[in-house]
Amino acid sequence: MANYPNIDTELLRSFVAIADHGGFTRAAAAVNRTQSAVSMQMKRLEEDVLQRPLFERSGRQVRLTAEGQILLGYARRILKLHGEVMTTLRQPHMVGAVRIGTPDDYVMRFLPGILARFAQAFPLVQVEVHCEPSSQLLQRRDLDLSIVTREPGTEIGQLLRQEHVVWAAAPGFNLHEHRPLPLATFNSDCFCRAWVCNALDAREIEYRIAYTSPSLSAIMAVVNAGLALTAQLQSLIPAELQILGEAEGLPHLPQSSIVLLRNPQQQSPVSETLAGYIVDGFRL
C-alpha cells in the first residue's frame, strides 16, 4: 500500500470555504482565520500534500482547476463523514434545537464561521437564529443564548469582545463639503447613536440623521454610495470604506462591549456547547 500523506480536515475546511465564497478573503472570514493563514494552508495542500495545482488565479479572482473540482467533491464528503463520526461516537446526546438571538451587525461578520464549525461537529442539532436589536433581545425570555452590545460598565453575562467605535465613510467622502454632516445610524434605541450625537454636540459639529435602519447591510449600502457617514464597531467596517477620526476633525468615540447572555431557565448540553463555540469564535 502506498504511503500517502494525511490530509488535515482543517485544510479541507478552508479549501471548501474558498470554493463556496469565491475567494480567499471571504473564506478567511468564514473560517475565522487571517487571509495569509488561509493562503499558507492552501500552499501546503497544493505543494506538500497533493502536489497538484488546485486554483487558477487571475487578479483577485480564484477558480478551481480540474484537480480542484475533483478534490471539492471528496472534501465535502470527508467533512460530512467527519462531523457524523464525531457526533455519533463522542457526543451521542447532542441532538435537539438551540435558539440564539443576535443583532444584525454580527450575523455576517462572526456567525458564519462559528455556525459552520458547530454544524461540522454536531450536524444533528437544529440552530434557530433570531436577528433583533440588542434592546429587544434583552427583553426576550424564550432564547437560549443572546449576543448583545452593551456600554462599558454595564456588561452582564460573559464578555466576548471589546472594540472601539469608529467613523467610516466611502473613499473620497469630503467632510467639509457636507454640512450639516449626514449620518446613517441604527434606530433611536441604539446607545451607540446617542454616543455619536453627544460627541458631535460636544464639538459643536452640525449634523443631521439622514438615514436610519435596524440593518447593518442597509446602513453600509448607504455609506458605500457616499450618501452619509456612519460610526460602527471597527471589525464591522468593510475593507472598501475608509476609517476616519480625529485627524479629520471628528471626535473620539468610546469602546463598546459584546457580551453573551445565557438563559438560566433553558440551559442544556446543546446550548452550552454552542456557547463555547461562540466564545472561541469572537476571540479569534
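Helices and strands here are DSSP runs, numbered from the N terminus, with at least four residues for a helix and at least two for a strand. With that in hand, let's walk through this predicted model.

A good place to start is residues 7-65, where UniProt, in an unreviewed entry, places the feature "domain: HTH lysR-type". Over this stretch the chain is 61% helix and 14% strand, and the C-alpha atoms at its two ends lie 19 Å apart.

Now turn to the open spaces. The largest pocket holds about 1,400 Å³ of space. Its lining is made up of 42 residues, and those nearest the centre are Thr25, Arg26, Ala29, Pro238 and Ala239. Several elements give two or more residues to this lining: α2 (24-30), α3 (35-50), β2 (61-64), α5 (105-109), α6 (111-121) and α9 (216-224). Helix α2 provides the largest share, with 6 residues. Both domain 1 (9-90) and domain 2 (93-283) contribute at least three residues each to the lining of this pocket. Sorted by class, the lining has 18 nonpolar, 15 polar and 9 charged residues.

Next comes the second largest pocket, with a volume of about 450 Å³. Here 27 residues form the lining, and Ser134, Thr149, Phe186, Cys190 and Phe191 are the closest to the centre. The elements giving two or more residues to this lining are α5, α7 (134-137), β5 (145-150), α8 (191-202) and β9 (230-233). By class, the lining of the second largest pocket counts 13 nonpolar, 8 polar and 6 charged residues.

How values were computed: Residues are numbered from 1 along each chain as its sequence is written. This is a predicted model: local features need pLDDT of at least 70, side-chain atom pairs count only at pLDDT 80 or more; totals for chains, interfaces and linings use all residues. Side-chain values use heavy atoms; hydrogens and water are left out. UniProt positions are given in the numbering used here, feature names are shortened, and annotations may be inferred rather than shown by experiment. On a 1 Å grid over the protein atoms alone, a cavity is a set of points where a 1.4 Å probe fits but cannot get out, and a pocket is an open set with protein on both sides within 12 Å along at least five of seven lines; lining residues have an atom within 4 Å of a point. Grid points are joined across faces, edges and corners, and a volume is the space filled by probe spheres set on the points. Ala, Val, Leu, Ile, Met, Phe, Trp, Tyr, Cys and Pro count as nonpolar, Asp, Glu, Lys and Arg as charged, and the others, Gly among them, as polar. Domain bounds come from an automatic or database domain assignment.
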